[in-house]
Amino acid sequence: MSNERGRLLQERAQDLSDVLAPMTDAITFAAGARIFDQRDDGEDAYLIESGYVEIARDDNGRRHVLAVLGPGEIFGEMAAMDGLSRSASATAVHETVLVSVTREQIEAALRSVDPLAQLLVRTALGRLRAANNAGMESDTHHDEQVQARGRMAATRADAARNLRFISEMRTALEREDFVLAFQPIVSFADGRVAGVEALLRWKHAERGMVSPVEFIPAAERTGLIVPLGEWVLQKSLALFALAQTRSPRRTALPEGQFISINVSPRQLESEPSVERLARIIERAQVDPTQVKLEITEQALHDPALAMAALSRLRSTGATIAIDDFGTGYSSLTHLCRYPMDTLKVDQSFIKAIGEDLRGERVISVILGMGRALDMHAVAEGVETREQFAWLQAQGCEYGQGYLMARPLPYPKLHDALRSHFDFD
Ligand code: CMP
Ligand code: MG
């Protein structure tokens, strides 16, 4: 093994065992101890923390040593992934310490990746099984093989469906089959519309309107969110500018209304992508101080990157809102560290109003914190008069939700910006 590869494996082992150590106990095997036999039913895979493991196969009575694995390497992953029996035996060479990786962990890891990546992994595994068994009786029982074939078929179908979906999304972006809707954000103090949030919809030829919860995760996994997000920013600023200047009845709009646009964490990951966003804002016919970019806490996981991205975006004059506040983690660190001016209180909190006293107190604390930090607050998902009145009494600044208005198509944007809401 080259030194470089050895070093990388050591590092990976360290990372992995840091993650696994709190969940699993390390198991120690004495020199010469058998860890499992070929054809055993497999459950867990193992990561070698220290020591060496010999992997050997019995082919019609002849024993072949396939590999001697050392610290940082994983084994037993084949049966753990496909549920078939162990393709080889594993024996500790010296005293060896292993950390087990359970089938559930492996299943969860596989489920979390792109269906194509899953298909690639399962295909490679299937080919290795086939090569190992070439010209021999299979090691595995018929039932397990049937199950494994079923899983493989499902993985293939999943990957195919996902690939088709992504290619349709790509075409939709080219043909502009996406549309924007605008949801008013209302000031509790006077019932005026303070701004709107631009929301994305996909007008699918066969399926009708597809909700963003269905396509945004796939767009994020594949990176398609980057061009899609740029389209959203550019298009919503253009429409907002039009609504401001070309009023159907030549009626003036209140000043300083903002347009809020969602930006995905993926869009902040690279400098060129951030630069493109900044340029779109700078070139738009909208006063940049009216532009609010909504980011989630996930976008802040790399502090240096996030700081550079937010600084560049704010240099245009735009402001930053933290979206779905309270649902992520370490949000307080984020509030200390980053220059954000608006806090969007997640709708899961708003549901507590009138239902749960502790939940109400949490909202009060969030609102107090926002005030102390000179931030604007927007309550998301306001659906009842009771919630409206409660938030108003608490001095919450803005609210957004079905009670006031659903997201509206562009032709209704101008009138929406002039409307007024009161629920007394
Ligand atoms: P599994 O089939 O669960 O149990 C035996 C393990 O040996 C297998 O997973 C792999 O981790 C490992 N293994 C199988 N074939 C090879 C090989 N050709 N080289 C190195 N390791 C192998
Ligand atoms: Mg949002």
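**Contacts, sheet, cores and ligand sites of a predicted model**

Setting aside neighbours within four places in sequence, E43 makes contact with A80, R86 and R103. This gives a first foothold in the structure, which is a predicted model. E43 itself sits in the loop that links β2 (34-36) to β3. With a relative accessible area of 45%, this residue is partly exposed. To give a feeling for distances, E43 may be set against T251: the two are 208 residues apart in sequence, and their C-alpha atoms are 70 Å apart in space.

The loop holding E43 leads to β3, and β3 belongs to an open sheet. This sheet has four strands in the order β1-β8-β3-β6, with antiparallel pairing. β1 and β6 (74-75) are the edge strands, each with a single partner, so one side of each has no neighbour in the sheet. Following the order of the strands, β1 (residues 26-29) pairs with β8 over four bridges in the antiparallel sense. In this pairing, I27 faces L98 of β8. The next pair, β3 (residues 45-50) and β8, is also antiparallel and is joined by five bridges. Here two opposite positions can be picked out: Y46 stands across from S100 in β8, while S50 stands across from V97 in β8. At the other edge, two bridges join β3 to β6, again in the antiparallel sense, and L47 is found opposite I74 in β6.

Strand β8 deserves a closer look. In a regular strand, side chains alternate between the two faces of the sheet. How many residues of β8 (residues 96-101) are buried? The count is six of six, and the strand is thus described as mostly covered. The cover extends to both faces: T96, L98 and S100 are buried on one side, and V97, V99 and V101 are buried on the other. Two of these residues have already appeared in the pairing of β8 with β3, namely S100 opposite Y46 and V97 opposite S50.

Ligand 1 has a set of surrounding residues made up of F36, I55, L66, A67, F75, G76, E77, M78, A79, R86, S87 and A88. R86 provides a link back to the opening of this account, as it is also one of the contacts of E43. Three residues around ligand 1 come with polar distances. A polar atom in the side chain of E77 is 2.5 Å from an oxygen atom of the ligand. For S87, an N or O atom of the side chain lies 2.7 Å from an oxygen atom of ligand 1. M78 takes part through its backbone, with a polar atom 3.3 Å from an oxygen atom of ligand 1.

A magnesium ion (ligand 2) has its own set of protein donors. These are E197 (OE), N262 (OD1), E294 (OE) and D323 (OD), at 2.1 to 2.4 Å from the ion. Along the sequence, the donor residues follow the spacing E-x64-N-x31-E-x28-D. E197 is part of strand β10 (residues 193-204) and D323 part of strand β14 (residues 319-325), so this pair ties together parts that lie 126 residues apart in sequence. Are E197 and D323 buried or exposed? Both are buried.

Turning to the nonpolar interior, the largest core has 81 residues, and M169, F178, F215, L237, L268 and L391 touch the most other members. Helix α7 (residues 225-245) makes the greatest contribution to this core, with 11 residues. F178 can serve as a guide to its surroundings: beyond its neighbours within four places in sequence, its contacts are M169, A172, L173, L200, R201, W202, F215, L228 and W231. A separate core of 13 residues lies apart from the largest one and includes F29, V53, A88 and A90. A88 is also among the residues around ligand 1.

Finally, two loop residues stand out for their backbone angles. N60, although not a glycine, has a positive phi of about 45°. This residue lies in the loop between β4 (53-59) and β5 (62-69) and counts as exposed at 67% relative accessibility. E176, likewise a residue other than glycine, has a positive phi near 55°. E176 is placed in the loop between α5 (142-175) and β9 (178-187), and is partly exposed with a relative accessible area of 42%.

Conventions:
Residues are numbered from 1 along each chain as its sequence is written. Chains are lettered from A and ligands numbered from 1 in the order in which they are written. This is a predicted model: local features need pLDDT of at least 70, side-chain atom pairs count only at pLDDT 80 or more; totals for chains, interfaces and linings use all residues. Side-chain values use heavy atoms; hydrogens and water are left out. Buried means under 20% relative accessible area, exposed over 50%, partly exposed in between (1.4 Å probe, protein chains only). Two strands pair if DSSP finds at least two bridges between them. Donors are N, O and S atoms within 2.8 Å of the metal (3.2 Å for Na, K and Ca); water is not among the atoms, so sites may look incomplete. A nonpolar core is a set of buried Ala, Val, Leu, Ile, Met, Phe, Trp, Tyr and Cys residues joined through side-chain atoms within 4.5 Å. Contact means heavy atoms within 4.5 Å. A residue is near a molecule or strand if one of its heavy atoms lies within 4 Å of it. A polar contact is a pair of N or O atoms within 3.5 Å; within protein, one must be able to donate a hydrogen and the other to accept it, and residues adjacent in sequence count only if both atoms are side-chain atoms.
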